[in-house]
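Here is a set of exercises to work through with the structure open beside you. Try each task before reading its solution.

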Amino acid sequence: MELEDLRRQWQQPEKAASPAITSAELQALMRRQRGGLIEKMRRNTYWEASVASALVVPTLVIFLAYNHGPLAVLYAGSLALLTVVMAYYYYKVIRLLRRLAETTGSVRGHLERLYAGLRQLLRFYYRLTLATLPGALLLIYSFFMGKELLRPDGFRTSLLAEVGAGLLLVGAVLQTAVVYGTRWWMHRLYGQHLDRLEGQLRELDEPAKTDN
Amino acid sequence: MATAPSAEFLAALHDYQPLVRRVCRLYCQDADDRQDLFQEIVLQLWRAWPRYVPQPDAKLSTWLYRIALNVAISNLRQRTRRPASVSVEDEAWHLAQPVENSAYEPEETAALYAAINRLSDVDKAFVLLYLEDRPYDEMADILGITQNNVRVKMHRVQEKLRKLLVHN
């Protein structure tokens, strides 16, 4: 039996025709729908952004209410800067995920967009993760240095150097773990999807490349 | 989803529901997976519907095939992990129920379904559009490749199916 033969029986109407879906059924059905990876990523991003903003704003307000002076300004400024960076990050991620959820284009165009978008998203996430630890350590050190500089007895150069060296050492060890850990985690979560998309794009390209 | 589906959307969904079910039938062996895929396709159709603009040279079915295939092929979800209670062959038998006036034995039809199930998701898209009797220009439009590419690929898919049937 060939595909040609199957075509004839494929298009025969089903014995039991599917009942029409009503508006209420459709809405109920969609409420239950969990969606695929992109939908899950969108939900997670909204959730993360909500939790982050719910924590950051009160923290900033409470902190400024109880602390004054140049160090308090430095702390608040750092937190505000971090908030701006994170807001930009979530804005970019949500915009990208919204683009990835679009399914009206051709199959190849859709696969290309998904592949490029997922890679862009992971690259963005990876860079942000790598920048977080050095940024945090730098912030800790600058707070510590600020406190030392404000000491009435004058700052202790040797202590500053020792803390700096200690943070550098701890930072190097932690950063190595973060690099390998993040790569492993990203590969585990998204590697199979990227490999699959890449393979599918190659499949669509294949005949044109070899036969033209 | 904030707004209720429009009457036009429900009417179109009713008209094209068999088409969506056929896509799900080709892509999912498991009944639960099939239902999940059907819901996901309907969800995407509903989301895209407000942006659908009827054009004289573009059919609604083309738009619909694009969305259904995009969802089915790029179904970026963890594949069902539960142990398969029904094998591919059993499911192929289920799909190959005797059809009135069919010149072929159910065994032959089941073997062909089982062979199709072994194809990749992209190859299944070619098979589906072929079974749906879509012309090459529409296939090219749906898949986003050239007509020549469609011809070559279609030929290769048929060759693959022949080989799979011989090995079975």
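A helix axis here is a line fitted to C-alpha atoms over the stretch in contact, and the angle between two axes runs from 0 to 180 degrees between their N-to-C directions. Please keep in mind throughout that this is a predicted model.

**Exercise 1. A helix pair across the two chains**

Task: Work out how the axes of helix H1 (residues 3-10) of chain A and H6(B) cross, and which residues make the contact.

Solution:
- Step 1. Fit the two axes: they come within 9 Å of each other and cross at roughly 60 degrees.
- Step 2. Classify the angle. The range for roughly perpendicular is 65 to 115 degrees, and roughly parallel needs an angle under 35 degrees. H1(A) is therefore oblique to H6(B).
- Step 3. List the residues. H1(A) brings Leu3(A), Leu6(A), Arg7(A) and Trp10(A), while H6(B) answers with Val127(B), Tyr130(B) and Leu131(B).
- Step 4. Sort this contact by class: six residues are nonpolar, none is polar and one is charged.

**Exercise 2. A helix pair inside chain B**

Task: Repeat the analysis for H7(B) and H8(B), and decide how their axes are oriented.

Solution:
- Step 1. The axes of H7(B) and H8(B) come within 8 Å, with a crossing angle of roughly 100 degrees.
- Step 2. These two helices, H7(B) and H8(B), are therefore roughly perpendicular to each other.
- Step 3. On the H7(B) side the contact uses Tyr136(B), Asp137(B), Met139(B), Ala140(B) and Leu143(B); on the H8(B) side it uses Gln147(B), Val150(B) and Arg151(B).
- Step 4. By class, the contact of H7(B) with H8(B) has five nonpolar residues, one polar and two charged.

**Exercise 3. The whole interface**

Task: How many residues of chain B and of chain A are in contact, and which helix of chain B gives the largest share?

Solution:
- Step 1. Count both sides: 52 residues of chain B are in contact with 41 residues of chain A.
- Step 2. Look for the contributing elements. At least two residues each come from helix H1 (7-27), helix H2 (31-48), helix H3 (60-73), helix H5 (106-117), H6, helix H7 (136-143) and helix H8 (147-167) of chain B.
- Step 3. Find the largest share: H3(B) supplies seven residues.
- Step 4. Divide the side of chain B that touches chain A by class, which gives 27 nonpolar, 14 polar and 11 charged residues.
- Step 5. Note the scores of the model, ipTM 0.84 and pTM 0.81.

**Exercise 4. The overall form of chain A**

Task: Decide whether chain A is spread out or a compact globule.

Solution:
- Step 1. Take stock of the elements: chain A has six helices and zero strands, in the order α-α-α-α-α-α.
- Step 2. Compare the radii. For 212 residues the globule rule gives 17 Å, and the radius of gyration of chain A is 27 Å, well over that value, so chain A is more spread out than a compact globule.
- Step 3. Look at the extents: the C-alpha trace of chain A spans about 95 × 50 × 25 Å along its principal axes.

**Exercise 5. Domains in both chains**

Task: Describe how domain 1 and domain 2 meet in chain A and in chain B.

Solution:
- Step 1. In chain A, domain 1 covers 35-101 and domain 2 covers 121-200. Their centres are 18 Å apart.
- Step 2. Eight residues from each of these domains of chain A take part in the contact. On the domain 1 side, helix H4 (residues 70-100) of chain A provides the largest share, seven residues. That side divides into six nonpolar, one polar and one charged.
- Step 3. In chain B, the domains are 1-77 and 104-168, with centres separated by 21 Å.
- Step 4. Here 10 residues of domain 1 of chain B are in contact with 11 residues of domain 2 of chain B. H3(B) gives the most to the domain 1 side, six residues.

**Exercise 6. Where to be careful**

Task: Where in chain B is confidence lowest, and where is it highest?

Solution:
- Step 1. Start with the average: chain B has a mean pLDDT of 82, and 80% of its residues reach 70 or more.
- Step 2. Go through the elements of chain B: helix H4 (residues 88-95) is lowest, with a mean of 55, and helix H6 (residues 121-131) is highest, at 95.
- Step 3. Check residues 80-86 of chain B, where the pLDDT is below 50.
- Step 4. Apply the caution: where pLDDT is low, the predicted coordinates should not be read in detail.

Definitions and conventions:
Residues numbered from 1 in each chain as written. Chains lettered and ligands numbered in written order. Predicted model: local features only at pLDDT ≥ 70, side-chain atom pairs only at ≥ 80, totals over all residues. Domains from an automatic or database assignment. Contact = placed C-beta atoms within 7 Å. Helix = DSSP H or I, 4+ residues; strand = E, 2+ residues; numbered from the N terminus. Nonpolar A, V, L, I, M, F, W, Y, C, P; charged D, E, K, R; others polar. pLDDT = per-residue confidence, 0-100. Parallel < 35°, antiparallel > 145°, perpendicular 65-115°, else oblique. Rg over C-alpha atoms; globule rule 2.2 N^0.38 Å.
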